[in-house]
Every structure is written in C-alpha cells, then in structure tokens.
Amino acid sequence: MTTTLITGANKSLGYETARRLIEAGHTVIVGARDPERGRAAADALGARFVQIDVTDDASVAAAADDIGAHEGGIDVLINNAGVLGTHSPADRITAADAVAVFEVNVVGIVRVTHAFLPLLRRSANPVIVNVSSGMGSFAATHDPGRAEGQVVAPLYTASKAAVTMLTTQYAKSLPDVKVNAADPGYTATDFNGHSGPQTVTEGTDAIVELATVGADGPTGTFRDRHGEMPW
Ligand SMILES: NC(=O)c1ccc[n+]([C@@H]2O[C@H](COP(=O)([O-])OP(=O)(O)OC[C@H]3O[C@@H](n4cnc5c(N)ncnc54)[C@H](OP(=O)(O)O)[C@@H]3O)[C@@H](O)[C@H]2O)c1
C-alpha cells in the first residue's frame with residue numbers, strides 16, 4: 001500500500017492528482033488549508049482530509065502528528081500548493097508581495113518537507129514531488145518560441161526557479177529519498193482563469209509519473225509530460 005499526501009488537493013491540479021493516484025491504488029490524503037473545501041473534495045474522492053496551511057508551522061506540525069497517528073507514515077509527498085502572486089510590473093512590486101509568494105511556493109515546501117521527512121523515512125521507497133513550473137526554467141523563459149518566454153512575472157518565476165533548485169539540492173542531500181520536480185505545463189485551472197490549453201489530466205501527467213517512481217527511479221530531475229525540462 002502506498003500512502004500519498006498532496007498539499008492544495010481541494011481543487012485543480014492537486015485534486016486531479018489525487019483522483020488519478022487513488023485510481024492507481026494509492027491511499028491519498030487530501031491536504032487543504034480550508035476545512036470545508038478540503039473535506040468536500042476528500043468526500044468526493046473517497047479520501048481522508050487533513051488540514052494543512054503550508055505557511056503555518058502549527059498547521060503543518062498538526063498535520064504531521066495527525067498522519068503519524070492515523071496512517072503511521074507516508075510514502076509520497078506531493079508539494080503542490082502554490083500561488084501566482086501579484087501581476088504588478090516590477091516597479092510596483094513590494095517586499096510584502098515577494099514574501100507572500102515565496103512563503104507559499106518556497107518556504108512552504110521547506111516547512112512541509114521538514115515536518116514530513118520523519119514520516120517519509122518510515123517508507124521503503126520515500127518519494128517527494130515538488131510541483132515547479134516551466135516559468136521557473138531559465139532556458140524556457142529565455143526561449144521566445146515557448147509560452148514561458150512571453151510572460152513576465154518576476155516573483156512567480158523566481159519562486160519556481162527556487163523550487164527547482166531546492167529539488168536538486170534536496171535530492172543531493174537526501175540520497176535515501178527520490179526528490180523530483182514536475183512542470184505541469186500551462187493548464188486550465190483557477191490559477192490562470194482557466195486560460196491554459198491543457199486539461200488537468202494532461203497537467204498532472206508529470207506529477208503522477210514522478211509520484212509513482214520505483215526504488216530504482218530517478219532523483220533530482222525536472223520533467224514535464226513530454227520528458228526532461230531544460231533548467
Ligand atoms: N495551472 C498551471 O498552468 C500551472 C502551470 C505550472 C505550474 N503550476 C503549479 O501547479 C500547482 C497547482 O496549481 P493549480 O493550477 O492547481 O492552482 P490553483 O487552481 O490556484 O490551486 C492551488 C491550490 O493550492 C492551494 N493553496 C494555496 N495556498 C495554500 C496554502 N498556504 N496552504 C495550502 N494550500 C494552499 C489552494 O487552496 P485554496 O483553494 O484554499 O486557495 C489550491 O488548492 C501550483 O504550485 C502552481 O504553481 C500550475
């Protein structure tokens with residue numbers, strides 16, 4: 001039995017990842033910051049809900065205690081929760097704007113990973129998937145032929161570059177854990193007013209692939225649904 005915790009699983013890519021992994025036989029724990037939305041999603045999926053706000057030490061610690069008591073440990077952690085942040089041009093971006101985005105997208109991953117590593121280490125094959133973005137790729141954002149090259153979003157892109165770097169550094173630092181980053185690709189969700197051309201099923205292909213790697217699977221990689229992403 002594989003037990004998987006997904007943050008931000010009450011909707012969109014997190015919810016679809018939960019649906020697909022349940023279909024693949026995982027026991028999924030739906031992590032969400034809002035109890036009402038989280039419980040409704042978990043009930044619809046036939047999963048268990050755990051409250052987890054990735055910006056809140058006490059919430060993350062309580063979620064780890066709860067899962068330690070109920071499931072005893074986890075095999076897969078999917079750090080999916082993320083925010084886009086401000087659309088302001090660079091001359092109007094404030095320090096508070098930066099803290100708001102980095103607190104969820106980057107610090108949130110460190111906070112959740114720190115709290116859940118002891119539970120992951122009870123697994124024979126511990127796996128972490130960090131949901132990054134092509135918007136965090138230096139190569140993709142400098143390629144005028146790619147969608148990522150057309151968008152300017154200083155804080156979001158910088159936060160996702162940090163997510164990808166955290167992933168490769170954690171992979172080097174934690175040889176007993178598979179730590180990989182997924183780029184969903186531009187996907188129609190609330191995140192972007194449903195402007196993305198991909199469905200949530202297409203957008204979760206890389207996440208599901210990396211969440212189901214075996215003991216001989218890769219670590220420290222960055223993939224989208226077509227394969228390896230350029231850094
Ligand atoms: N959609 C795309 O095109 C795309 C492309 C590349 C990467 N991504 C990445 O994919 C991930 C999921 O994106 P999405 O499109 O599914 O976005 P979404 O529709 O906005 O959903 C984001 C999820 O994250 C949760 N969340 C936000 N802040 C949180 C916090 N502090 N604690 C816990 N959960 C929190 C949200 O909860 P609430 O419902 O309570 O707000 C929601 O469940 C993000 O990391 C995003 O950066 C998305």
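These are my notebook entries on the ligand site and the helix packing of this structure.

**Entry 1: before starting.** I am working with a predicted model, and I begin with the ligand.

**Entry 2: who surrounds the ligand.** I looked up which residues sit around the ligand and found 29 of them. The closest are N10, S12, R33, Y156 and T189. I then sorted the shell by class, and it has 11 nonpolar, 12 polar and 6 charged residues.

**Entry 3: polar atoms facing the ligand.** Which part of N10 lies 2.7 Å from an oxygen atom of the ligand? I checked, and it is a polar side-chain atom. For K160, I again found a polar side-chain atom, this one 2.9 Å from an oxygen atom of the ligand. With G185, I had to look at the backbone: an N or O atom there lies 3.4 Å from an oxygen atom of the ligand.

**Entry 4: how covered the ligand is.** Next I asked how much of the ligand's accessible area the protein covers. On its own the ligand has 900 Å² of accessible area, and the protein covers 94% of that. I also wanted to know which elements give two or more residues to the shell. They are α1, residues 12-23, and α6, residues 154-173. Both helices come up again below, so I kept them highlighted.

**Entry 5: α1 with α2.** I moved on to helix packing. Two packed helices are described by the angle between their axes and by the distance between those axes. Helix α2 covers residues 35-45, and it packs with α1 at an angle of about 25°. Their axes are 10 Å apart. Angles under 35 degrees count as roughly parallel, so α1 and α2 are roughly parallel to each other. I noted their crossing as right-handed.

**Entry 6: α3 with α4.** Helix α3 spans residues 57-70 and helix α4 spans residues 95-120. I found these two packed at an angle of about 20°, with 10 Å between their axes. α3 and α4 are therefore roughly parallel to each other. Which hand does the crossing of α3 and α4 have, left or right? I have it down as right-handed.

**Entry 7: α4 with α6.** Here I returned to α6, one of the elements that give two or more residues to the ligand shell. Its axis and that of α4 come within 9 Å and cross at roughly 20°. That makes α4 roughly parallel to α6. The crossing of α4 and α6 is right-handed.

**Entry 8: where to look again.** For a second visit, I would start at N10, one of the closest residues to the ligand, and then follow α4, which packs with α3.

Notes
Residues are numbered from 1 along each chain as its sequence is written. This is a predicted model: local features need pLDDT of at least 70, side-chain atom pairs count only at pLDDT 80 or more; totals for chains, interfaces and linings use all residues. Side-chain values use heavy atoms; hydrogens and water are left out. A residue is near a molecule or strand if one of its heavy atoms lies within 4 Å of it. A polar contact is a pair of N or O atoms within 3.5 Å; within protein, one must be able to donate a hydrogen and the other to accept it, and residues adjacent in sequence count only if both atoms are side-chain atoms. Accessible areas come from the Shrake-Rupley method with a 1.4 Å probe; for residues, only the protein chains shown count as cover. Helices (H or I, at least four residues) and strands (E, at least two) are DSSP runs, numbered from the N terminus. Ala, Val, Leu, Ile, Met, Phe, Trp, Tyr, Cys and Pro count as nonpolar, Asp, Glu, Lys and Arg as charged, and the others, Gly among them, as polar. Axes are lines fitted to C-alpha atoms, for helices over the stretch in contact, and angles run from 0 to 180 degrees between N-to-C directions. Angles under 35 degrees count as roughly parallel, over 145 as roughly antiparallel, 65 to 115 as roughly perpendicular and the rest as oblique. A crossing is left-handed if the near helix is turned anticlockwise from the far one by less than a right angle, and right-handed if clockwise.
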